Amino acid sequence: MESGELRLVPHADPEILELARDKGLHVISADRFIDHRRAHPWIAGAADRFLSCEYGADGLQLVPSGIREVPEQVKSRHEEAKELGFAYRINIGKGAHRRVLRSEWRCTGRSCVEAMASPDRLTCWPRVDEDGSVRCPSCGRPLEEAGPRGITRMIVVADRAGGEIVRFPISEGVAVVVGRGRLSYGINLGAGGLPSPRARAQVSRQHVKLQLTGVQARLTAVDLGSSNGTTIRRGNAPRESRLKPGTEIIVGDRDALLLGGAVVVRLSGHRFLPSLASPPELGDQGGSVTYIPPEEG
Ligand SMILES: [Zn+2]
């Protein structure tokens, strides 16, 4: 890039950030680029190079735009919002749009590829037009509502340094046990191919049971009498509190469970995931994953 050069591109952010990174340049923008933090981890450590314009008594001034490190959940929330916005014109800041995501939809178009492949319900997100109409992303026809969508969230298992061991989905009404060694059901952190063997040594065979419960489908956890215990860290709180074995507690979006002080279990920042018709096979990712059927009654 030459001084005085003008460049027109459809998406400026990636180009601006690459130039700033490679040439040590300043960026003038009010954007805090949270949806680019994973691709550009250097941003958090270069806050002095990000400036935004402000009108003051002396006219236009450049002030720091307030770059800070943000939790992983916040990064994935921003990535998700951007993806839904670009691909489906869904604004997750709007209640009406979030309600669209909480329903199943079906397309009745006779020549629609999506309707032919899956006549009972759309396997992708619907598209929301400016007038609020909900349409098929494949053929553009208005969609029929097909009942409420079950809630699915993603669980991330990592070591204390943030190194990911495995992630797996959890759906309403299906309990998952996280442990080490051969489980008859649940997530086996002792399975071959998973990283962080030292951290995993602190985990009991049946350590903690996770479930989405209640109308809000909040994540709950129960310590199953593990040898090294389970603690919870609430948000950015410096202290951790210990779970009483057998007692269910709610795990918030920004909270983290610590298994044996070594393995972190938390919710991913992704809020809107397609619900699971049947449990997924995660065998290729190294974890042995089986699910406990919903309890009777
Ligand atoms: Zn269609």
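Two strands count as paired if DSSP finds at least two bridges between them. Keep that in mind as we walk through this structure, which is a predicted model.

**A hairpin to start with**

β8 and β9 make a hairpin, with 4 residues between the two strands. In its turn you'll find Gly162, which has a positive phi of about 95 degrees. The two strands pair in the antiparallel sense over 7 bridges.

β8 also has a partner in β18: strand β8 (residues 152-159) and strand β18 (residues 263-267) pair over 5 bridges, again in the antiparallel sense. Here are some of the residues that face each other across these strands:

| Residue in β8 | Opposite residue | Strand of the opposite residue |
|---|---|---|
| Ile155 | Phe168 | β9 |
| Val157 | Val265 | β18 |
| Asp159 | Val263 | β18 |

Is β8 enclosed or open? Of its 8 residues, 6 are buried, so β8 is largely enclosed by the rest of the structure.

**The whole sheet**

Now zoom out. In general, strands of a sheet pair through backbone hydrogen bonds, either parallel or antiparallel. Here, 6 strands form an open sheet with antiparallel pairing, and their order is β9-β8-β18-β17-β14-β15. Which strands stand at the edges? They are β9 (164-171) and β15 (240-242); each has a single partner strand, so one side of each is left without a neighbour in the sheet. From one strand to the next, the twist averages 25 degrees.

**What's packed inside**

The largest nonpolar core has 33 residues, and Val157, Val178, Leu257 and Val265 touch the most other members. At least two residues of this core come from each of β8, β9, β10 (176-179), β12 (208-213), β13 (218-223), β17 (256-259) and β18. Val157 and Val265 should look familiar: they stand opposite each other in the pairing with β18.

Take a closer look at Leu257. Leaving out residues up to four places away in sequence, Leu257 touches Val208, Ala221, Thr230, Ile232, Val251, Val265 and Arg266. Apart from the largest core lies another one, of 10 residues, including Cys107, Ala115, Val128 and Leu143.

**A quick check on a helix**

Finally, try some helix arithmetic. Helix α2 (residues 72-88) has 17 residues, and at 1.5 Å a residue they should span 24 Å. To get there, you multiply 1.5 Å by one less than the number of residues. The end C-alpha atoms of α2 are 24 Å apart, which agrees. Right after α2 comes Arg89, whose phi is positive, near 60 degrees.

Notes: Residues numbered from 1 in each chain as written. Predicted model: local features only at pLDDT ≥ 70, side-chain atom pairs only at ≥ 80, totals over all residues. Axes fitted to C-alpha atoms, helices over the stretch in contact; angles between N-to-C directions. Buried ≥ 20, exposed ≤ 12 C-beta atoms within 10 Å, placed from the backbone. Core = buried A, V, L, I, M, F, W, Y, C linked by C-beta atoms within 7 Å. Contact = placed C-beta atoms within 7 Å.
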